[in-house]
Amino acid sequence: MKKEWMALAAVGAMLPGAALAATAAEMQALADKSGCFSCHGMQSKLVGPGFAEVAARYKGDSQAAASLAKKIREGGKGAWGRIPMPPHGNLGEDDARKLAEWVLGGG
Ligand code: HEC
């Protein structure tokens with residue numbers, strides 16, 4: 001799986017908007033390092049919803065980044081099913097916010 005993400009990031013780097021693609025690669029690395037991918041796929045559900053599913057659900061919701069950042073740090077349940085997401089209090093607010101925005105941007 002990891003290889004596929006790296007390949008995707010590499011393809012992204014060749015597209016116009018390379019600055020954005022670099023950020024995407026950094027965000028993938030941060031999410032990977034933070035353990036998000038043990039429970040989330042980029043597209044489809046593992047333990048938690050796929051990040052693309054999350055992006056689709058909150059499309060157009062200007063409050064979503066703040067509330068998802070909070071949920072990432074503090075954990076929570078009930079939005080997608082009965083399995084809760086554990087808290088990630090070790091993530092700084094900045095990183096949690098960046099991850100939330102990255103997820104909302106479709107990963
Ligand atoms: C132990 C498994 C697990 C890990 C690790 C995990 N998640 Fe989750 N995540 C879940 C589950 C389960 C849900 C669904 C919770 C619900 O139904 O409200 C979820 C939900 C979410 C949501 C949507 C929340 C909502 O209210 O719609 C986002 C965004 C998210 N996770 C991001 C992350 C990020 C970023 C990380 C890494 C820092 C991460 N998750 C790590 C299990 C996990």
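Ala, Val, Leu, Ile, Met, Phe, Trp, Tyr, Cys and Pro count as nonpolar, Asp, Glu, Lys and Arg as charged, and the others, Gly among them, as polar. With those classes in hand, the shell around the ligand holds 17 nonpolar, eight polar and two charged residues. The model is predicted: local features need pLDDT of at least 70 and side-chain atom pairs pLDDT 80 or more, while totals for chains, interfaces and linings use all residues. Residues are numbered from 1 along each chain as its sequence is written, and side-chain values use heavy atoms, leaving out hydrogens and water.

Let us start at the ligand. Among the 27 residues around the ligand (those with a heavy atom within 4 Å of it), the nearest are Cys-36, Cys-39, His-40, Tyr-58 and Met-85. Two of these also make polar contacts, meaning pairs of N or O atoms within 3.5 Å. A side-chain N or O atom of His-40 is 2.8 Å from a ligand nitrogen, and a polar side-chain atom of Tyr-58 is 2.4 Å from a ligand oxygen. Trp-80 takes part through its backbone, where a polar atom lies 2.6 Å from an oxygen of the ligand.

Now look at Cys-36, in the loop between α2 (18-33) and α3 (51-57); helices here are DSSP runs of H or I with at least four residues, numbered from the N terminus. Cys-36 counts as buried because its relative accessibility is 13%, where buried means under 20% with a 1.4 Å probe and protein chains only. Leaving aside residues up to four places away in sequence, Cys-36 touches Ala-31 and Phe-51, with heavy atoms within 4.5 Å.

Definitions and conventions:
Helices (H or I, at least four residues) and strands (E, at least two) are DSSP runs, numbered from the N terminus. Buried means under 20% relative accessible area, exposed over 50%, partly exposed in between (1.4 Å probe, protein chains only). A polar contact is a pair of N or O atoms within 3.5 Å; within protein, one must be able to donate a hydrogen and the other to accept it, and residues adjacent in sequence count only if both atoms are side-chain atoms.
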